[in-house]
Amino acid sequence: MRKKIVAGNWKMNKTPSEAIELAKLLKDSDTSKCDVVFCVPAIDIIPVGEVIKGTGIGLGAQNMYFEDEGAYTGEISPKMLVDAGVSYVIIGHSERRQYFAETDESVNKKIKKALEYKLIPIVCVGEALEEREKGIAFEKIRMQVKLAFEGISAADAEKIIIAYEPIWAIGTGKVATDDQAQEVCKEIRNVLNELYGGVSENIRIQYGGSVNGKNAAGLFAMADIDGGLIGGASLKDEFKDIIASVK
Ligand code: PGA
């Protein structure tokens, strides 16, 4: 039985002082039914970590570099994240692929490096609207998953979380239907099954893209959807309604 996981992706929102306020607002989120994670901007990691200490809420980052340390101006290393109390890291979000030249190759390197540091990667995959319209959404996602997991053992694969986020649903208010989301999450599990056999049943797959307090319950009830990666709605009290949607 896979434990559901609801993660907030705060993106580039909240200054350190604003982040403290938001963390205080959300720190009584119910962690009894699912894993709850706040993926916050790098500069907010330390102050938010202080606020959620002892609550059971996990601390996450939104990116990291694939080297331990060195001359990489502006980057954050996994070693820094671990020392700051981080346990999860989003890797390969579509915004990073689109605006910051993240590739399937760098995603794979980052996943391996994160695992080396015992960070739990939340790996994002998803198709663009044109790809869906051309009927190649499955091909795109199969390829992203295969390249992300290249060279990763079954024992490590089990630790990874995948977030299926159709690009056309991110921040648009245009959520995938329960069936559309399930269909792709099922296909992701099929690919994982081809790669790892039965282990695929243990890998958690989230849906992300315009999840809110109203549509979460339907999505989370689907057989292959193990929770959500939440953007906009993770910045408000509504995030608790989303967590409450986990049955
Ligand atoms: P959204 O973002 O919930 O605002 O659509 C989701 C995400 O990009 O992780």
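How far is an oxygen atom of the ligand from an N or O atom in the side chain of Asn9? In this predicted model, the separation is 3.4 Å. That contact is a good place to start a walk around the ligand.

Two further contacts involve the protein backbone. A backbone N or O atom of Gly171 sits 2.6 Å from an oxygen atom of the ligand, and a polar backbone atom of Ser210 is 2.7 Å from a ligand oxygen. Taken alone, the ligand would expose 280 Å², and the protein buries 95% of that area.

Now let us step back to the whole shell. The ligand is surrounded by 13 residues. Gly171 and Ser210 are among the closest, together with Lys11, His93 and Glu165. Sorted by class, the shell holds seven polar residues, four nonpolar ones and two charged ones.

What kind of space does the ligand take? The answer is the second largest pocket, which has a volume of about 240 Å³. This pocket has 20 lining residues. Nearest its centre are Gly171 and Ser210, which you have already met, along with Val211, Gly231 and Gly232. The lining is made up of 11 polar, five nonpolar and four charged residues.

Next, turn to the largest pocket, whose volume is about 570 Å³. Its lining counts 21 residues, and the ones closest to its centre are Lys11, Met12, Gln62, Asn63 and Arg96. Lys11 may look familiar, as it also belongs to the closest residues around the ligand. Among the contributors to this lining, helix H4, which covers residues 94–99, gives the most, with three residues. By class, 12 of the lining residues of the largest pocket are nonpolar, five are polar and four are charged.

To find both pockets for yourself, begin at Gly171 and Ser210 for the second largest one, then look to Met12 and Gln62 for the largest.

Technical notes
Residues are numbered from 1 along each chain as its sequence is written. This is a predicted model: local features need pLDDT of at least 70, side-chain atom pairs count only at pLDDT 80 or more; totals for chains, interfaces and linings use all residues. Side-chain values use heavy atoms; hydrogens and water are left out. A residue is near a molecule or strand if one of its heavy atoms lies within 4 Å of it. A polar contact is a pair of N or O atoms within 3.5 Å; within protein, one must be able to donate a hydrogen and the other to accept it, and residues adjacent in sequence count only if both atoms are side-chain atoms. Accessible areas come from the Shrake-Rupley method with a 1.4 Å probe; for residues, only the protein chains shown count as cover. On a 1 Å grid over the protein atoms alone, a cavity is a set of points where a 1.4 Å probe fits but cannot get out, and a pocket is an open set with protein on both sides within 12 Å along at least five of seven lines; lining residues have an atom within 4 Å of a point. A molecule sits in a cavity or pocket if more than half of its atoms lie within 2 Å of its grid points. Ala, Val, Leu, Ile, Met, Phe, Trp, Tyr, Cys and Pro count as nonpolar, Asp, Glu, Lys and Arg as charged, and the others, Gly among them, as polar. Grid points are joined across faces, edges and corners, and a volume is the space filled by probe spheres set on the points. Helices (H or I, at least four residues) and strands (E, at least two) are DSSP runs, numbered from the N terminus.
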